[in-house]
Amino acid sequence: MTDLTTHIEYREAEFTDYFALLKPRVMSLVVFTAAVGLFVAPGNTHPFIAFTSILFIALGGGASGALNMWFDHDIDALMRRTSERPVPMGSIKPGEALSFGLWLSFISITMLGLAANWFAASILAFTIFFYVVVYTIWLKRLTPENIVIGGAAGAFPPMIGWAVATGQVSTESLMLFMLIFLWTPPHFWSLALFMNDEYTEAGVPMLTVTHGESKTRRRIMLYTLLLIPVAIGLAFTSIGGFIYLVTAIALNIRFIKGAWNLLKRDENDSKLDNNLIERKFFRQSLSYLFIHFLALAIQSAWVSFGLEAWF
């Protein structure tokens, strides 16, 4: 594949360029799920330790983003969604993105170990390694199962937050991991459905490219069905309760309905109409994960204030 960045005239980078290198939207999800994992975990974590830990987890997520942009700068230049990232735009050179990402990785892992505990830091280190080496470098351009396996990287943050508070892994933190792990394929495959042309042009073997859109929609339904028991099952763990249960049931009824509409869409409809269905499900998947974690946080706060007897 031709490296389009060899023809770019680079300019001096600004602060906003380095901030964009951290993938702030992705980092916000990392911060939120890690913070909820820490908040709902048993025990009391000092507010300063909690704040600094979330800060270093965020830096670790940003480091992963920078290293991803270093390696993927060639295909980023070919896709409309990613063509305005700092490296293909000529704001930051690939080597600078690599150095920035490596330094942030070292700082975030070391400081999380010193601020919280080394078990949490080790999970953060493995998360960065998994996202960059296993997903970005190895799987992304190799197999249509890239997002299924690589999606584990995005599922680790609540486990890290839980480990900050407890120094260990538990059934609850594993279920938080599985919630994100099983959510990731429907989320990204729905994105791939309306961006299939760009993935094809960039040579990324997403499931839509290698097996077609009909197979992708069936796999979205399969993973939605696998996701529902985990999402609702969390209500019956130590971090669940009535508030979370009602929320999860409502969200999952809506989510499976969206997956069904996607599965049964009419191929004879216009591409625009079908894209609207796919985009709607993609947006729905974003709110799905956010509201589940928000409900867990509200449930935990409800119990903390001694109000659980109300339900």
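Select E198 first: in this predicted model, its relative accessibility is 11%, under the 20% cut-off, so E198 counts as buried. Now add R80. The two side chains form a salt bridge, with the closest N and O atoms 2.9 Å apart. The pair links distant parts of the chain: E198 sits in helix α12 (residues 196-202), R80 lies in the loop between α4 and α5 (86-89), and 118 residues separate them. Is R80 buried or exposed? At 62% relative accessibility, R80 counts as exposed, whereas its partner E198 is buried.

**R85 and D76**

Next, select R85 and D76. Their side chains meet in a salt bridge, at 3.2 Å from N to O. Colour the two by accessibility. R85 has a relative accessibility of 17% and counts as buried; D76 is buried with a relative accessible area of 2%.

**R141 and D74**

Move to R141 and show D74 with it. This is another salt bridge, with 2.9 Å between the closest N and O atoms. It also joins distant parts of the chain: R141 is in the loop between α7 (118-139) and α8 (146-150), D74 is in helix α4 (residues 73-76), and the two are 67 residues apart. R141 is partly exposed, with a relative accessible area of 29%. D74, at 12% relative accessibility, counts as buried.

Keep that pair on screen and add D72 and K140. Together, D72, D74, K140 and R141 are linked in a network of salt bridges. Side chains of opposite charge can pair when their charged atoms come close. How many salt bridges are there in total? The count comes to 6.

**E278**

Select E278, in helix α16 (residues 271-304). Its relative accessibility is 1%, so E278 counts as buried. Which residues does E278 touch, leaving aside neighbours within four places in sequence? Show S190, L193, F194, E213, L262 and R265; E278 is in contact with each of these.

**I253 and M89**

Now go to I253 in helix α15 (residues 242-263). With a relative accessible area of 55%, I253 is exposed. Draw a distance from its C-alpha atom to that of M89: the separation is 42 Å, and the two residues are 164 apart along the chain.

**The whole chain**

Zoom out and switch to cartoon. The protein chain has 16 helices and 0 strands. Its radius of gyration is 20 Å, close to the 19 Å that the globule rule gives for 311 residues, so the chain is as compact as a globular protein of that length. Turn on a bounding box along the principal axes: the C-alpha atoms fill roughly 65 × 55 × 30 Å.

Colour by burial next. Of the 311 residues, 52% count as buried. If you display contacts with a separation of 6 or more, 75% of them are accounted for by residues 24 or more positions apart.

Finish with the surface. The accessible surface of the protein chain comes to about 14400 Å², and 67% of that belongs to carbon and sulfur atoms. Colour by charge to pick out 21 positive and 22 negative side chains; the centres of the two sets lie 7 Å apart.

Definitions and conventions. Residues are numbered from 1 along each chain as its sequence is written. This is a predicted model: local features need pLDDT of at least 70, side-chain atom pairs count only at pLDDT 80 or more; totals for chains, interfaces and linings use all residues. Side-chain values use heavy atoms; hydrogens and water are left out. Helices (H or I, at least four residues) and strands (E, at least two) are DSSP runs, numbered from the N terminus. The radius of gyration is taken over C-alpha atoms; the globule rule is 2.2 Å times the number of residues to the power 0.38. Buried means under 20% relative accessible area, exposed over 50%, partly exposed in between (1.4 Å probe, protein chains only). Contact means heavy atoms within 4.5 Å. Accessible areas come from the Shrake-Rupley method with a 1.4 Å probe; for residues, only the protein chains shown count as cover. Lys and Arg count as positive and Asp and Glu as negative; His and the chain ends are not counted. The place of a charge is taken as NZ of Lys, CZ of Arg, CG of Asp or CD of Glu. A salt bridge is a side-chain nitrogen of Lys or Arg within 4 Å of a carboxyl oxygen of Asp or Glu.
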